[in-house]
Every structure is written in structure tokens, then in C-alpha cells.
Amino acid sequence: MTQSHTTKPGTAVVTGASSGIGKVYAERLAARGYDLVLVARRKERLKEIADELRERHPVKAEALVADLSTPDGLSAVRERLSTDASVSLLVNNAGFSALKPLTQTPDETVASMIALNVTALTALSRAALIAFKGRNAGTIVNIGSGAGFSPYPDIPVYGATKAYVFLFTQSLQHEVEGTAVRIQLVLPGAVVSEGWDVAGGAALEPLPESIVMTTEDCVDAALSGLDQGETITAPSLHDASLLSDYVDRSGQLLQAMFDAKPAERYRSGR
Ligand SMILES: NC(=O)c1ccc[n+]([C@@H]2O[C@H](COP(=O)([O-])OP(=O)(O)OC[C@H]3O[C@@H](n4cnc5c(N)ncnc54)[C@H](OP(=O)(O)O)[C@@H]3O)[C@@H](O)[C@H]2O)c1
């Protein structure tokens, strides 16, 4: 649904808005009439994007420069979510990867990846959820990844952080049942962005064009999923039943795990 400019949809806080998927979210949300708070570390880039969006659309757009892997940066954005009643949408998009086995990934990289992809996403979700539940309105969009579904030795920490986003976001969806607050989990596959250079993927063979989506297609599909009321949106997954079956089966697996007795195969020696 496209918002008319007479009905203001409120303010969207977009993390990681200085490039890639987050930048396209900022553009698309401005076109839908959202005022914007753009969060990332690169001040000049954020300011340029905010200036351009204000020129092209009748919206407010401001840069909130913050390193979300640090306590100070995180507090600044959390504070905004807690105190600005105009905020109606949080896009938890900032994240990064390192394409290296664990033993070749420095401790600091591991720590900041977990701080950004897990700790910041969790803290910002919590701040937004408290505010949104208080107003019984608002939407959180958490960006996970197809990489969170299966182990892959070159992205052991990244894949695990995205598996966290997958479980965490679905749990939050249960927490908002019966309220007007919405939470969408977005699961991109491979998307063209600077994120591949940040991860060190620029040194690899380029992925075949047929499996890599543009940021524009990814965000447009994610917003279409949101408009359609989806709770989980996988922009490049053609057979949606693969995902719904996976979610159903994981619920069945959990139920089947609860039993006082050890499974038969572990009782043979007794
Ligand atoms: N590209 C893919 O194939 C793909 C696939 C699945 C999921 N994703 C997910 O999509 C999201 C966006 O990634 P992208 O591909 O668009 O990559 P990107 O172009 O590198 O964008 C990452 C954004 O996060 C910001 N960021 C990085 N570290 C930050 C920090 N410490 N504090 C605040 N902001 C920080 C970056 O801005 P600054 O450097 O200015 O801080 C940038 O705006 C990520 O969560 C990623 O895991 C990407």
C-alpha cells in the first residue's frame, strides 16, 4: 500500500542506511512519505543521502551518526527509539560479515560482528518494542539472511548471527500477537552490495549473475511482503512452501525433544 502525502506514516529509523539494502530502504520509505532517521558510521554519506531525500520528497531526513557496535552509539539510537513518539518503523538492517574461517578471523572482528548483528539488533528491537507496545502501533523489520539456515565454514560467526535473528524475530512475533504491532523478518539471499567487499568477498570469484539480486529488487520484494502482511519474507525464494515447511518442522522438532526418557537408541547398553 502506498501512503499518500496527506497521511504521514510517521518516522522510520533505518540502521545501515549509508549503503546497500539500507540506503534503498531509506529511498523507498521516503517515497512512501516517511520522515527518516538514517543511522550508520559514515557521516558524509549519510548527510548526502539525507539531503537528496529531502530534495526529492516532502519529508524530513536526518543523519544519526552512530557506531552500533559500541555502547555509546547504541545508546544514542536506543534513546531516540524510546523518546521520539513519531517513530513508527524500525528497520534493523546494519550488519556485516567476514568471509573467513574462525581461526583466521581476528577476535575484534568476531566481537564487533556479534555486537552489531546480534547485540545491537536485540537492544534496538527491545527499545522499539517497548515504545510500540505502549502505543499499540509500529513495525519492526529485522534483516536476517539465507546464510542463517545452514552451516558454512567460511562464515561461521556471520551465519550464526543470522540464525539468531531468525529465531529471535520469530519469538518477538509471538510477543506481539493480539496487538497492532507488527514484526517482519526479511531473509535476503545474495544481494549486490558493498557488504561483499566488507566481508572480503571481492577477492573471490564473482557469484553468477543468475543468483545475485539487486538491492532495489530485494527491498521492493521485502516491502511487498510487508504490504501483504507477511511475517517472514524471503525475496528470492520462489517456492515459499520450503520456508513454511521448515518453520513447521522446526516447531515439531522442538515438541518432539521434550521427553523424560532417553531415546531408544541410547538405551541399548542398560
Ligand atoms: N548483501 C547480501 O548478500 C546480504 C544477504 C543477506 C543479508 N544481508 C544483510 O543485509 C544487511 C545490509 O547489508 P548490505 O548487503 O546492504 O551491506 P552494506 O552495503 O555493507 O551495508 C551495511 C550497512 O551497515 C552499516 N554499518 C556497518 N557497521 C556498522 C556499525 N558498526 N554501526 C552502524 N552501522 C554500521 C554500514 O554503514 P557504515 O559503514 O557507514 O557504518 C552500511 O550502511 C546486513 O544485515 C546483511 O547481513 C545482506
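**Helix crossings and a ligand shell**

Student: Is the crossing in which H1 passes H7 left-handed or right-handed?
Tutor: Good place to start, and keep in mind that this model is predicted. Follow H1 where it passes H7, and you will find that the crossing is right-handed.

Student: How do H1 and H7 lie to each other, given the angle at which their axes cross?
Tutor: The axes of H1 and helix H7, which spans residues 215-227, come within 9 Å and cross at roughly 55°. An angle between 35 and 65 degrees falls outside both the parallel and the perpendicular ranges. Therefore H1 is, relative to H7, oblique.

Student: How do H3 and H4 lie to each other?
Tutor: Helix H3 covers residues 71-83 and helix H4 covers residues 107-135, and their axes come within 8 Å, crossing at roughly 15°. Since angles under 35 degrees share one label, H3 and H4 are roughly parallel.

Student: And which hand does the crossing of H3 and H4 have?
Tutor: We have just seen that these axes cross at roughly 15°. As for its hand, the crossing of H3 and H4 is right-handed.

Student: Now the ligand: how much of its accessible area does the protein cover?
Tutor: Let's begin with some contacts: one ligand oxygen atom is 3.0 Å from a polar backbone atom of Gly-16, and a ligand oxygen atom is 2.8 Å from a polar backbone atom of Val-191. Also, the side chain of Ser-18 has an N or O atom 2.8 Å from an oxygen atom of the ligand. On its own the ligand has 880 Å² of accessible area, and the share covered by the protein is 94%.

Student: How many charged residues does the shell around the ligand have?
Tutor: The ligand is surrounded by 30 residues, with Arg-41 and Tyr-158 among the closest. By class, the shell has 13 nonpolar and twelve polar residues, while the number of charged ones is five.

Note on methods. Residues are numbered from 1 along each chain as its sequence is written. This is a predicted model: local features need pLDDT of at least 70, side-chain atom pairs count only at pLDDT 80 or more; totals for chains, interfaces and linings use all residues. Side-chain values use heavy atoms; hydrogens and water are left out. A residue is near a molecule or strand if one of its heavy atoms lies within 4 Å of it. A polar contact is a pair of N or O atoms within 3.5 Å; within protein, one must be able to donate a hydrogen and the other to accept it, and residues adjacent in sequence count only if both atoms are side-chain atoms. Accessible areas come from the Shrake-Rupley method with a 1.4 Å probe; for residues, only the protein chains shown count as cover. Ala, Val, Leu, Ile, Met, Phe, Trp, Tyr, Cys and Pro count as nonpolar, Asp, Glu, Lys and Arg as charged, and the others, Gly among them, as polar. Axes are lines fitted to C-alpha atoms, for helices over the stretch in contact, and angles run from 0 to 180 degrees between N-to-C directions. Helices (H or I, at least four residues) and strands (E, at least two) are DSSP runs, numbered from the N terminus. Angles under 35 degrees count as roughly parallel, over 145 as roughly antiparallel, 65 to 115 as roughly perpendicular and the rest as oblique. A crossing is left-handed if the near helix is turned anticlockwise from the far one by less than a right angle, and right-handed if clockwise.
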